[in-house]
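Work through the exercises below with the sequence and the coordinates at hand. Each task is followed by its solution.

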Amino acid sequence: MPKVRDILIDVKIEQAQRQRKCRRNTSHTIVKGEWCLVVRTNATNDDYSYSRDAAKPMLDAAWSKLKVLYEGLGLLPPCG
């Protein structure tokens, strides 16, 4: 069976190894050891970190888009 292609290749979560600033809201500080959303841009190959508070609306919007894709193909999402 062929390998399943990862379409979310440029998005991950990671534990901060040092203090970081949130890309969406610079008043949010991501402290060392805290989990954050990291998005790599294709154009510049830069990693942008987002705090949990900033990541929530981004992930909600992505989940909505994924549900539309499932529905467009007549499939049920893996969970509600």
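The exercises concern a sheet in a predicted model.

**Exercise 1.** Determine the strand order of the open sheet of three strands, and state which strands are at its edges.

Solution. Step one: the order is β1-β4-β5, and the pairing is antiparallel. Step two: β1 (11-15) and β5 (47-50) pair on one side only, which makes them the edge strands. Step three: from one strand to the next, the twist averages 35 degrees.

**Exercise 2.** How many bridges join β1 and β4, and how many join β4 and β5?

Solution. Step one: the antiparallel pair β1 and β4 has five bridges. Step two: β4, residues 35-40, and β5 are antiparallel over four bridges.

**Exercise 3.** Find the residue in β4 that is the bridge partner of lysine 12, then find what stands opposite that residue in β5.

Solution. Step one: lysine 12 has valine 38 as its bridge partner in β4. Step two: opposite valine 38, in β5, stands serine 49. Step three: for a further position, take arginine 40, which stands opposite aspartate 47 in β5.

**Exercise 4.** Which residue in the hairpin of β4 and β5 takes a positive phi?

Solution. Step one: the hairpin has six residues between the strands. Step two: within this hairpin, asparagine 45 has a positive phi near 60 degrees.

Terms used. Residues numbered from 1 in each chain as written. Predicted model: local features only at pLDDT ≥ 70, side-chain atom pairs only at ≥ 80, totals over all residues. Heavy atoms only, no water. Pairing = 2+ DSSP bridges. Helix = DSSP H or I, 4+ residues; strand = E, 2+ residues; numbered from the N terminus. Axes fitted to C-alpha atoms, helices over the stretch in contact; angles between N-to-C directions.
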